[in-house]
Amino acid sequence: MTTVNISPKDVMKLRDRTGLGMGECKNALVEANGDMEAAEKIIREKMKGKMDARTDRAAGEGCVVLAKGNGKAAIVEIRSETDFTSRNEEFRAMASAVAAHALTHPTGSITADKAMNDKIDVVRLKSGENLSFARGTVLEGGSFASYLHHDSKLGVLLQYTVAEGAGELAADVGTGICQHIAAAVPTPAAIDADGLDPAVVAAKRAEAVAEAQASGKPAQIAEKMAEGKMRKYFEEVTLLGQPYVRDDKMQVGQIVPKGIKLVKFIRLRLGQD
């Protein structure tokens, strides 16, 4: 029987890839006849049960990551058990790679595919933690602005279009609008009134009309009171109607240049719906 000569350099390389002990890595390389890729696959297969068992452990940390390219943009959330792991350079690099791969998906909500899970499993194996793809969205078409909070636990992706002949949205304005979406209280429910849930709007309108009628004012005045309440409601919950966080004397709609149409935004805060 031929004895495979396994160099310490190869053992260290596999250890760096998997985070396992030198003995386990050497045994895997021997079993794989020195083939690095095959040895890593052997380790993953042997560790799969242990990794899957970790899914019962709470994963309350992680990060939000953004990616843009080829007319698309993606925002994803990757979860970990500890903040220590989520701040690790390898974890962040993996999260960025997962977000970049998300750009190959169609628009809408993302379901993690094998390539994504394989990238996550590399760090799962090394960290010994329950890591997972939590959620993500891909947008396509037009242009994009974004904002990622300094701790990478809150991110915003904004999609917009530019009319022919109109100037591009200045980077600082785009970032400012994204920061508004991140910080505003309440968080905008939609770009404008047309994007709100019709059932919610109908209920609010019925409530406004009932309050106005109960005031005992003449019908014409009561109608104006109801409309005033609805205008205030729209200003409170729509992005374009809210007072801008950088200058509350202006509404967000007033800082959007003519010819720029805000289409959609996605706001992700770690661990929140």
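Strands β5 and β6 run antiparallel and are joined by 6 bridges. Both belong to a predicted model, in which local features need pLDDT of at least 70, side-chain atom pairs count only at pLDDT 80 or more, and totals for chains, interfaces and linings use all residues. Residues are numbered from 1 along each chain as its sequence is written, and side-chain values use heavy atoms, with hydrogens and water left out. Helices (H or I, at least four residues) and strands (E, at least two) are DSSP runs, numbered from the N terminus; two strands pair if DSSP finds at least two bridges between them.

Within the pairing of β5 with β6, Y147 has V156 of β6 as its bridge partner, and S143 has Y160 of β6. The two strands form a hairpin with 5 residues between them. S152, in the turn, has a positive phi of about 60 degrees, although this residue is not a glycine. The loop that holds S152 runs between β5 (143-148) and β6 (154-162). Is S152 buried or exposed? With a relative accessibility of 9%, S152 counts as buried, since buried means under 20% relative accessible area, exposed over 50%, and partly exposed in between (1.4 Å probe, protein chains only).

The hairpin is part of an open sheet of 3 strands, in the order β5-β6-β9 and with antiparallel pairing. Its edge strands are β5 and β9 (260-269), each of which pairs on one side only. On average, neighbouring strands of this sheet are turned by 15 degrees against each other, direction ignored. Helix α7 lies across β5, β6 and β9 and runs at about 55 degrees to β5. For such angles, axes are lines fitted to C-alpha atoms, for helices over the stretch in contact, and angles run from 0 to 180 degrees between N-to-C directions; contact means heavy atoms within 4.5 Å.

The loop after this helix, between α7 (171-183) and α8 (198-214), contains P186. The peptide bond from V185 to P186 is cis, with omega near 0 degrees. P188 is found in the loop between α7 and α8 as well, and at 6% relative accessibility P188 counts as buried. Leaving aside neighbours within four places in sequence, P188 is in contact with H180, I181, V237, T238, L239, Q242 and F265. P188 and R267 are 79 residues apart in sequence, and their C-alpha atoms are 9.6 Å apart in space.

A second open sheet comprises 4 strands in the order β1-β2-β4-β3, with antiparallel pairing. β1 (61-69) and β3 (108-109) stand at its edges with a single partner strand each, so one side of each is left without a neighbour in the sheet. β1 is joined to strand β2 (residues 72-80) by 9 bridges, and the two run antiparallel. In this pairing, E61 has S80 of β2 as its bridge partner. Helix α5 packs on the sheet, touching β1, β2 and β4 (132-140), and its direction makes about 140 degrees with that of β2.

How do α5 and α6 meet, and at what angle do their axes cross? The axes of helix α5 (residues 89-102) and helix α6 (residues 114-127) come within 9 Å and cross at roughly 175 degrees. α5 is therefore roughly antiparallel to α6, given that angles under 35 degrees count as roughly parallel, over 145 as roughly antiparallel, 65 to 115 as roughly perpendicular and the rest as oblique. E90, F91, M94, A97, V98, H101 and A102 of α5 make the contact with A115, M116, K119, I120, V123 and K126 of α6. These residues divide into 9 nonpolar, 1 polar and 3 charged; Ala, Val, Leu, Ile, Met, Phe, Trp, Tyr, Cys and Pro count as nonpolar, Asp, Glu, Lys and Arg as charged, and the others, Gly among them, as polar.

Three further local features complete the account. N33, in the loop between α2 (22-31) and α3 (36-53), has a positive phi of about 55 degrees although this residue is not a glycine. N33 is exposed, with a relative accessible area of 60%. Strand β7 (residues 243-244) and strand β8 (residues 247-251) pair in the antiparallel sense over 2 bridges, forming a hairpin with 2 residues between them; P243 stands opposite Q251 in β8.

A search of the whole structure finds 1 aromatic pair. The ring centres of Y233 and F234 are 5.7 Å apart and the planes stand at 50 degrees, so the pair is tilted. Rings of Phe, Tyr and Trp (its six-membered ring) pair if their centres lie within 6.5 Å; planes under 30 degrees apart count as stacked, over 60 as edge-to-face and the rest as tilted. Y233 is buried, with a relative accessible area of 12%.
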